[in-house]
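Here is a short set of exercises to work through with the model open in your viewer. Try each task on your own before reading its solution.

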Amino acid sequence: MFDRYEGGERAVLVHIFFSQDKNTDDLSEFESLVTSAGVTPVQIVTGSRSAPHPKYFAGEGKAEEIADAVTESEADVVLFNHALSPAQERNLERLCQCRVVDRTGVILDIFAQRARTHEGKLQVELAQLRHLSTRLVRGWTHLERQKGGIGLRGPGETQLESDRRMLRDKIKQISGRLEKVERQRGQGRQARSKADIPTVSLVGYTNAGKSSLFNHITDAKVYAADQLFATLDPTLRRIDVDDVGTVVLADTVGFIRHLPHDLVAAFKATLQETREATLLLHVVDAADNRVDENIHAVNAVLEEIDAHEIPVLIVMNKIDMLDDFEPRIDRNEDNLPVRVWLSAQTGAGIPLLFRALTERLSGEIAHLELCLPPSEGRLRSRFYQLQAIEREWLDDDGRICLEIRLPIVDWRRLCKQEQQLADYVI
């Protein structure tokens, strides 16, 4: 569609510090991100500024230094650990004579490599097209002006305008297909809700160990690796929790600081599993020296997707990397579990996690209305034995209608014993 510099394997990394405190953790995380993308960093350029430079982001002198580093190390691409404007990208590319990609572009590239399912690929493509739509001009500087005269008058559209229209159409088409996927997921959630099966969603910073924990609990053999964004496509599995019954566990994409908004919007269907979960298991890398910042970054994304009001159980993972640390459960003033310390790698503390899940999920009350056929007098009798009936009436078809209220544990046990019970829920 338009000319771009060919990306390669050798990269110059750029990080600008905007505060007095030169915390290098952001830079080391960016190096991990770049390595996860399959690129080899050959040189790192750092600098300090009070504010971004409007033309080059890094300042004119620093931009020249970056260009020299590209020439010296024969790099194919410059990667910025910041969000660049389309004009800044264009100016830097002109100066460095190679491709320039910002942090958002690097994350999108990793997502494009990791997408396996049809839905995941659609979501990544949508995010890439939205990111691309503001950067089209870079390839069409030679076609900015329309020509006039006999034989040269076209449909009144420049090549750039034509490409923008094609992008808009493509974005609309992919959005429509993702809406269909979202409706299908919604039907699955509705069926689980009708059967009153709780959903527990794993959330957390990327590389916190969510997939390792998921695999240990479910034997799902989901791909897990010591790299950022190893998981992209969501996986759902059923597990059994004592006194609760069947629970659906969802493994989701990891979060990261400055997660691109386009990505959050594109992954709306996937993140819906998180937004409508009964309980969130917030997995934290306990051995990371930026624990509090990572928790804050995840909470910020949860707020962005309207999932911040869902009950949370924090799972402090990787305690095998801490000195002499035993698994335990931390409780609040109401004696409810709020934090579980465990190791998904060794399995230490997993039984404690299941005990905490039982306590957090079994305290709920099911408030439902049922319509039983006259032949199901036995079920009506069972509800009376449980002292669960609040109101009873007959409908026009002669069915026995009940308004019931009982602990969710008892309701799930009944559903397990009486398979047809969920069909009678109004």
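## Exercise 1: A charged trio

The carboxylate of Asp330 and the side chain of Arg339 form a salt bridge, with N and O 3.3 Å apart. Keep in mind that the model is a predicted one.

**Task.** Which residues are linked with Asp330 in a network of salt bridges, and is Asp330 buried or exposed?

**Solution.**
- Step 1. Besides Arg339, look at Arg328: its side chain meets that of Asp330 in a salt bridge of 2.7 Å, N to O.
- Step 2. Put the two pairs together, and Arg328, Asp330 and Arg339 are linked in a network.
- Step 3. Now check accessibility. Asp330 has a relative accessibility of 16%, so it counts as buried, the cut-off being under 20%.
- Step 4. The arginines fall in the partly exposed class: Arg328 has 36% and Arg339 has 28%.
- Step 5. For context, a search of the whole structure gives 13 salt bridges.

## Exercise 2: A bridge across the sequence

**Task.** Arg378 forms a salt bridge with Glu418. Which parts of the chain does the pair tie together?

**Solution.**
- Step 1. The closest N and O atoms of Arg378 and Glu418 are 2.9 Å apart.
- Step 2. Arg378 belongs to helix 12 (residues 377-385), while Glu418 sits in the segment after helix 13 (408-417), so the salt bridge ties together parts that are 40 residues apart in sequence.
- Step 3. Compare the partners: Arg378 is partly exposed at 46% relative accessibility, whereas Glu418 is buried at 9%.

## Exercise 3: Reading the sides of helix 2

**Task.** Where around the axis of helix 2 do its buried residues lie? Work out the span of the helix as well.

**Solution.**
- Step 1. Start with the length. Helix 2 (residues 60-73) has 14 residues, and at 1.5 Å a residue it should span 20 Å; the C-alpha atoms at its ends are 20 Å apart, so the two values agree.
- Step 2. List the buried residues: Lys62, Ala63, Ile66, Ala67, Ala69, Val70 and Ser73.
- Step 3. These residues cover an arc of only 155° around the axis, which means they are on the same side of helix 2.
- Step 4. Turn to the face away from the buried side, and you find the exposed residues Glu60, Gly61, Thr71 and Glu72.
- Step 5. The cover over the buried residues includes strand 1 (10-17), strand 2 (40-48), strand 3 (77-80) and helix 3 (86-96).
- Step 6. Just past the end of helix 2, Glu74 has a positive phi of about 55°.

## Exercise 4: The same test on helix 10

**Task.** Repeat the analysis for helix 10. Which exposed residues does the face turned away from its buried side carry?

**Solution.**
- Step 1. Helix 10 has 14 residues and reaches 20 Å between its first and last C-alpha atoms, close to the 20 Å expected.
- Step 2. Its buried residues are Val291, Asn294, Ile295, Ala297, Val298, Val301 and Leu302.
- Step 3. They cover an arc of only 160° around the axis, so they share the same side of helix 10.
- Step 4. The face turned away from that side carries the exposed residues Asp292 and His296.
- Step 5. Just after helix 10, Asp306 takes a positive phi of about 60°.

## Exercise 5: Locating the largest core

**Task.** Where does the largest nonpolar core lie with respect to domain 1 and domain 2?

**Solution.**
- Step 1. The largest nonpolar core holds 31 residues, and those with the most contacts inside it are Phe30, Leu33, Leu79, Val106, Phe255 and Leu302.
- Step 2. Two or more residues of this core come from each of strand 1, helix 1 (25-36), strand 3, helix 4 (103-114) and helix 10 (291-304).
- Step 3. Domain 1 (10-101) and domain 2 (196-361) both give residues to the core, so it lies between them.
- Step 4. Zoom in on Leu79: leaving aside neighbours within four places in sequence, its contacts include Phe30, Val34, Val101 and Val106.
- Step 5. A second, separate core has 26 residues, among them Ile217, Val315, Ile350 and Leu357.

Terms used: Residues numbered from 1 in each chain as written. Predicted model: local features only at pLDDT ≥ 70, side-chain atom pairs only at ≥ 80, totals over all residues. Heavy atoms only, no water. Helix = DSSP H or I, 4+ residues; strand = E, 2+ residues; numbered from the N terminus. Expected span 1.5 Å × (residues − 1). Buried < 20%, exposed > 50% of the residue type's maximum accessible area, 1.4 Å probe, protein only. Arc of directions from axis to C-beta. Contact = heavy atoms within 4.5 Å. Salt bridge = Lys/Arg side-chain N within 4 Å of Asp/Glu carboxyl O. Core = buried A, V, L, I, M, F, W, Y, C linked by side-chain atoms within 4.5 Å. Domains from an automatic or database assignment.
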